[in-house]
Amino acid sequence: MTNILIKDLIQQLKDIENADLWIDENFEKKLLKVDEQTAFERPIPDIHSVAEIISHLTEWRKEAFSRLKGNPRGLEMTDAANWRSNEDLKVKGWENLLKEFYTSQQQIISFLEEKDDDYLYSPYLFAQPSFPHNFQYLVTGLIHHDFYHLGQIGITIKFLKK
């Protein structure tokens, strides 16, 4: 049983959260610039707030975690939970959103730490027949998704400062 690939993917998940990356950004560094007031602000009507992005990331992490455990697809792009409104998120509060966000990441990492590379190569049995894929694809996609939205958070913060 090898675990070279899984260790690499786990490290990438950890790095995007709080490491000194070559892009000079991570979630911890970005989110320290956001407080309860600015978290729910949309600097431009068509740009999501930081809270909306964090909620979106958390929902997809939860979905990815469920799939990694072998469950059928749950969350879909058209579901209301995919992009919750600021009004709904304000009820939850910024601190609770952050707690859920970081917890979702740790759950995935803890789960993967118990696996090996063979697990990553296993097919996700509930994938669409037109697009079969394995668990490695799911984890890699999650990392890409996080980086994409980390950039969005950066743009949102930049506009909020103006």
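The legends below describe close-up views of a predicted model.

**View 1. A negative surface patch and the loop residue Glu41.**
Asp35, Glu36, Glu41 and Glu95 together form a negative patch on the surface. One of these residues, Glu41, sits in the loop that runs between helix α2 (27–31) and helix α3 (50–68). Glu41 has a relative accessible area of 31%, so it is classed as partly exposed.

**View 2. Serine 49 in the loop between α2 and α3.**
Ser49 belongs to the loop between α2 and α3. The relative accessibility of Ser49 is 0%, and therefore this residue counts as buried. Leaving aside residues up to four places away in sequence, Ser49 is in contact with Ala39, Phe40, Glu41, Arg42, Asn86 and Thr156. Among these contacts is Glu41, which is also part of the negative surface patch.

**View 3. Glutamate 28 in helix α2.**
Glu28 is a residue of helix α2. With a relative accessible area of 37%, Glu28 is partly exposed. When residues up to four places away in sequence are not counted, Glu28 touches Glu17, Asn18 and Tyr102. His48 lies 20 residues from Glu28 along the chain, and the C-alpha atoms of the two are separated by 19 Å.

**View 4. A nonpolar surface patch with Phe147.**
Trp22, Ile23 and Phe147 make a nonpolar patch of about 380 Å² on the surface. Phe147 is located in helix α7, which spans residues 135–160. The relative accessibility of Phe147 is 32%, so this residue counts as partly exposed.

**View 5. A salt bridge between Glu59 and Lys62.**
Side chains of opposite charge can pair when their charged atoms come close. In the model as a whole, the count comes to ten salt bridges. One of them joins Glu59 to Lys62, with 4.0 Å between the closest N and O atoms. Both residues are in helix α3, three residues apart, or about one turn of the helix. Glu59 is buried, at a relative accessible area of 12%, whereas Lys62 is partly exposed, at 36% relative accessibility.

**View 6. A salt bridge between Arg67 and Glu63.**
In this view the side chains of Arg67 and Glu63 meet in a salt bridge, with an N to O distance of 2.6 Å. The two residues are four residues apart in helix α3, so about one helical turn separates them. Arg67 and Glu63 are both buried.

**View 7. A salt bridge between Glu76 and Arg73, and a salt-bridge network.**
Glu76 and Arg73 form a salt bridge in which the closest N and O atoms are 2.8 Å apart. Glu76 is partly exposed, with a relative accessible area of 27%. Arg73 is partly exposed too, with a relative accessible area of 29%. Elsewhere, Glu59, Lys62, Arg84, Lys92 and Glu100 are joined into one network by salt bridges that share partners.

**View 8. Methionine 1 in the segment before α1.**
Met1 is in the segment that precedes helix α1 (4–18). Its relative accessible area is 88%, so Met1 is exposed. Met1 and Lys30 are 29 residues apart in sequence, and their C-alpha atoms are 37 Å apart in space.

**View 9. Glutamate 87 in helix α4.**
Glu87 lies within helix α4, residues 86–92. Glu87 has a relative accessible area of 54% and is therefore exposed. Phe40 is 47 residues from Glu87 in sequence, yet the distance in space is 8.6 Å from C-alpha to C-alpha.

**View 10. Leucine 9 in helix α1.**
Leu9 is placed in helix α1. Because its relative accessible area is 4%, Leu9 is buried. Not counting residues up to four places away in sequence, the contacts of Leu9 are Leu120, Gln136, Val139, Thr140 and Ile143. Pro43 is 34 residues away from Leu9 in sequence and 34 Å away in space, from C-alpha to C-alpha.

Notes: Residues numbered from 1 in each chain as written. Predicted model: local features only at pLDDT ≥ 70, side-chain atom pairs only at ≥ 80, totals over all residues. Heavy atoms only, no water. Patch = residues over 30% accessible without salt bridge, like charges linked within 9 Å, V, L, I, M, F, W, Y side chains within 5 Å. Areas by Shrake-Rupley, 256 points an atom, 1.4 Å probe, with all protein chains shown as cover. Lys, Arg positive; Asp, Glu negative; His and termini not counted. Charge placed at Lys NZ, Arg CZ, Asp CG, Glu CD. Buried < 20%, exposed > 50% of the residue type's maximum accessible area, 1.4 Å probe, protein only. Contact = heavy atoms within 4.5 Å.
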